[in-house]
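Hello,

Here is the structure I promised to hand over. Please have it open while you read the notes below.

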Amino acid sequence: MPDISFAQSLCSNKSSSNSDTKEPRTHPCVFCGKLYTRKYGLKIHLRTHTGQKPLECRYCGRAFSDPSNLNKHVRLHAPQTSGIVSSPYRCKFCAKILVRRRDLERHIKSRHQNN
Ligand SMILES: [Zn+2]
Ligand SMILES: [Zn+2]
Ligand SMILES: [Zn+2]
């Protein structure tokens, strides 16, 4: 006899009490409803809706809304070579940083020396 023992005999009167002792301090985004546990996190997220970009790359002036994105970006300007920051070449006209001297010369010729 095929006696399929489905677990139907499970007692279904489990207590539905959420034993959450900590407060659900969530901050919902008013635009998309995404929940944030930290107000700061929500603040950063809100910028994606409002288009605010209060952070600026100190090397090239590019605007960012997310500090972590800015940090990632800034690293591109200063590649880590075993702890020592390689001396980048700065354009004296627009302060743009270029990693190679050749790039700097090229940049100056194309951007600042029209001939
Ligand atoms: Zn949102
Ligand atoms: Zn930059
Ligand atoms: Zn320049």
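**What I found**

A95 is exposed, because its C-beta has 11 others within 10 Å and the cut-off for exposed is 12 or fewer. A95 sits in the loop between β7 (89–90) and β8 (97–98). Its backbone deserves a look. Phi of A95 is near 65 degrees, which is positive although the residue is not glycine. Most residues other than glycine have a negative phi.

Please keep in mind that this is a predicted model.

**The chain overall**

The chain has three helices and eight strands. Their order along the sequence is β-β-α-β-β-α-β-β-β-β-α. How much of the chain counts as buried? The figure is 0% of the 115 residues. Long-range contacts are a small share too. Among contacts with a separation of 6 or more, 3% join residues 24 or more positions apart.

**Annotation**

The UniProt record, an unreviewed entry, places "domain: C2H2-type" at residues 27–54, 55–82 and 89–115. I looked at residues 27–54. That stretch is 43% helix and 14% strand. Its end C-alpha atoms are 21 Å apart.

**Helix α1**

Helix α1 covers residues 39–50, 12 residues in all. From first C-alpha to last it reaches 16 Å, close to the 16 Å expected at 1.5 Å a residue. Just after α1 comes G51, with a positive phi of about 80 degrees.

Two residues of α1 are worth a closer look.

- G41 is in helix α1. Is G41 exposed or partly exposed? G41 is partly exposed, because 14 other C-beta atoms lie within 10 Å, and that count falls between the cut-offs of 12 or fewer for exposed and 20 or more for buried. The C-alpha atoms of G41 and D66 are separated by 9.8 Å, with their positions 25 residues apart along the chain.
- T50 also lies in helix α1. T50 counts as exposed because it has 9 C-beta neighbours inside 10 Å. T50 and S65 are 15 residues apart in sequence. Their C-alpha atoms are 9.8 Å apart in space.

**To recap**

The model is predicted. None of its 115 residues adds to a buried share above 0%. A95 and its positive phi belong to the loop between β7 and β8. G51, also with a positive phi, follows α1.

Best wishes

How values were computed:
Residues are numbered from 1 along each chain as its sequence is written. Chains are lettered from A and ligands numbered from 1 in the order in which they are written. This is a predicted model: local features need pLDDT of at least 70, side-chain atom pairs count only at pLDDT 80 or more; totals for chains, interfaces and linings use all residues. UniProt positions are given in the numbering used here, feature names are shortened, and annotations may be inferred rather than shown by experiment. Helices (H or I, at least four residues) and strands (E, at least two) are DSSP runs, numbered from the N terminus. Two residues are in contact if their C-beta atoms, placed from the backbone, lie within 7 Å. The expected span of a helix is 1.5 Å times one less than its number of residues.
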